[in-house]
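Here is a short note for a colleague who is new to this entry. Please read the points with the model open beside them.

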Amino acid sequence: MRTLKPLLLLLTLGLTACSSFQPPQPGDSPNYRPTPPQPPLPANANRGAIFQAAQSQGLFEDYKARRIGDLVQVQLAEKTNAKKSTATSTAKTSDISMNVDSPSIAGRSVIPGALPLLTGGSTGDRTFDGSGDSSQSNQLSGDITVTVAEVLPNGNLVVQGEKWLGINQGNEFVRLRGIIRPVDISATNTVLSTQIANAELYYGGTGAVQDSNAQGWLSRFFNHPLWPI
């Protein structure tokens, strides 16, 4: 029974790790699902009016996204570069000496041939040199069409969507969510990703190729920062 407990614990950890590393699937997150447009009011609630606010279009306006469910094309133009370098150098040297002779009178020792009562010395030398260098660069380009999920009181639009591509033995996906201003949408109904506020942009993949580039859960466990070794 005692030997079964470690095995059961290891099996539980393995099943938990497998369940926590489930790859994303299309439509599994409500934050990136397409938002349908608002349905028009029924005839009894519209009071017989021809005008429908959910389907209105200005005569002198470009057809751009401005209502829930409208589409807008986002041009991905992400590029980041970061570099950090540090250097530290310190040094400290100390020297202490002490010498207490035997008792003397008029410069002559009371005890002829006596050795000094106390002698001592201390020397210390400490140095430290440290340096560090870190750099990172990322770039993402492409296009993704998303839907308007919410119209804020100030007129800004909350957009969200995802794009999946099946390539050979895996899938590549881009997920996007953020807030855009209607004034930033061009006449061709496009907006740059750099103009999106509170942007959540994810790019990843699933499949055999992606799995081959990832460590197993046991290797991740031993590479955790809290591991003492």
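1. Start with the salt bridge between Asp28 and Arg175. Their side chains meet at 2.5 Å, N to O. The model is predicted, and this distance is computed from it. The two residues are 147 apart in the chain. Asp28 sits in the loop between helix 1 (4-20) and helix 2 (43-46). Arg175 belongs to strand 6.

2. Are these two partners buried or exposed? Asp28 is partly exposed, at 38% relative accessible area. Arg175 has 8% relative accessibility. Buried means under 20%, so Arg175 counts as buried. This bridge therefore pairs a buried residue with a partly exposed one.

3. Arg175 has another partner. It also forms a salt bridge with Glu162, and the closest N and O atoms are 2.9 Å apart. Here strand 6 supplies Arg175, while strand 5 supplies Glu162. The pair is 13 residues apart and links distant parts of the chain.

4. Look next at Arg181 and Asp184. They form a salt bridge, with 2.9 Å between the closest N and O atoms. Arg181 is partly exposed, at 44% relative accessibility. Asp184 is at 18% and counts as buried. The cut-off for buried is under 20%, which is why Asp184 falls on that side.

5. Which residues are joined into one network by salt bridges that share partners? They are Asp28, Glu162 and Arg175. The structure holds 4 salt bridges. In general, side chains of opposite charge can pair when their charged atoms come close.

6. Now turn to the largest nonpolar core. It has 16 residues. Val72, Val74, Ile144, Val146 and Ile180 touch the most other members. Four elements are listed as giving two or more residues: strand 1 (71-100), strand 4 (118-151), strand 5 (157-167) and strand 6 (170-180). Strand 4 gives the largest share, 4 residues. In soluble globular proteins, nonpolar side chains tend to be buried together.

7. Take a closer look at Ile144. What does Ile144 touch, not counting residues up to four places away in sequence? Its contacts include Val72, Val74, Leu76, Val174 and Leu176. Gln73, Gly161 and Lys163 are also among them. So is Glu162, the salt-bridge partner of Arg175. Glu162 thus appears in both parts of this note: it touches Ile144, and it belongs to the network with Asp28 and Arg175.

Note on methods: Residues numbered from 1 in each chain as written. Predicted model: local features only at pLDDT ≥ 70, side-chain atom pairs only at ≥ 80, totals over all residues. Heavy atoms only, no water. Core = buried A, V, L, I, M, F, W, Y, C linked by side-chain atoms within 4.5 Å. Buried < 20%, exposed > 50% of the residue type's maximum accessible area, 1.4 Å probe, protein only. Contact = heavy atoms within 4.5 Å.
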